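Reader: I'd like a close look at one part of this protein, the strands and how they pair up. Could you walk me through that, and then add a word on the aromatic rings?

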Amino acid sequence: MDDLLKAIRDDHRDFDYGSLEGNFGNEPFSLFKEWYAEALSSSEPEANAFVLSTADLQARPSARILYLKELVDERFIFYTNYQSQKGKELAANPNASMLFFWPTLQRQIRIEGTCSKVSEEISDAYFNSRPHASKIGAWASHQSEGLDNRKDLEERFEKYAEDFKEYVPRPAHWGGYEMKPNYFEFWQGRPSRLHDRIVFEWENSSWTIKRINP
């Protein structure tokens with residue numbers, strides 16, 4: 001076994017930051033907001049980054065890093081190109097998973113639910129808040145499609161920059177999704193791999209709460 005593989009195999013770290021005990025409330029959103037606020041105030045570099053996992057109709061999964069942009073009426077909102085791989089998969093199969101990982105706090109939150117597009121008004125409002133160059137990029141990038149060379153992308157960017165020197169309208173193929181959760185798992189690292197795992201699951205019009213084995 002070479003040194004790199006041995007280093008991977010032998011990388012063992014214990015967890016000793018905190019615990020997940022006490023009253024969790026009767027719904028998961030308050031605990032999410034509490035943990036998220038702690039992540040924002042800690043040294044976590046990008047607390048709003050999460051892994052979005054989707055699957056196509058053949059149950060083949062794919063995952064990527066996105067950013068949470070809004071939490072409104074118990075809906076988690078993110079933005080993307082509707083014609084991207086994730087957009088096409090969500091159109092075919094709206095079930096998805098979000099994973100927040102905050103290693104400094106030794107915490108994870110896994111959220112599962114169904115995704116749907118937000119209103120055009122919500123997408124417009126967020127798009128208008130973006131930097132000018134990012135708006136141009138949304139027009140220039142044919143996200144997830146093949147690209148013969150980078151020059152083609154840069155030339156499209158220059159073209160749209162010339163077309164939209166001041167106001168940049170939101171392209172119809174770009175906008176927001178909201179996830180309506182039906183499952184949360186709050187994971188807190190503990191010593192000896194005896195981690196705390198608290199699950200909230202939406203059943204019969206209410207949240208059930210249980211602790212599961214690490």
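Author: Here is a walk through the strands, followed by the rings. Bear in mind that this is a predicted model, where local features need pLDDT of at least 70, side-chain atom pairs count only at pLDDT 80 or more, and totals for chains, interfaces and linings use all residues. Residues are numbered from 1 along each chain as its sequence is written, and side-chain values use heavy atoms, with hydrogens and water left out.

Let's start with strand S5 (residues 95-102); strands (E, at least two residues) and helices (H or I, at least four) are DSSP runs numbered from the N terminus. S5 pairs antiparallel with S1 (residues 49-55) over 3 bridges, pairing being at least two DSSP bridges between two strands. Leu52 has Met98 in S5 as its bridge partner. S5 is also joined to S6 (residues 107-117), again antiparallel, by 8 bridges, with Phe100 opposite Ile109 in S6. S5 and S6 make a hairpin with 4 residues between them, and Gln106 in that turn has a positive phi of about 55 degrees.

Now the rings. Arg107 puts its charged end over the ring of Trp35, 4.2 Å from the centre, and Lys117 lies over the face of Tyr82 at 4.1 Å from the ring centre. Here "over" means NZ of Lys or CZ of Arg within 6 Å of the ring centre and within 35 degrees of the ring normal.

Across the whole structure, a search finds 25 aromatic pairs, meaning Phe, Tyr or Trp rings (six-membered ring for Trp) with centres within 6.5 Å; planes under 30 degrees apart are stacked, over 60 edge-to-face and the rest tilted. Trp139 and Tyr160 are a tilted pair, because their planes are at 35 degrees, with centres 5.5 Å apart.
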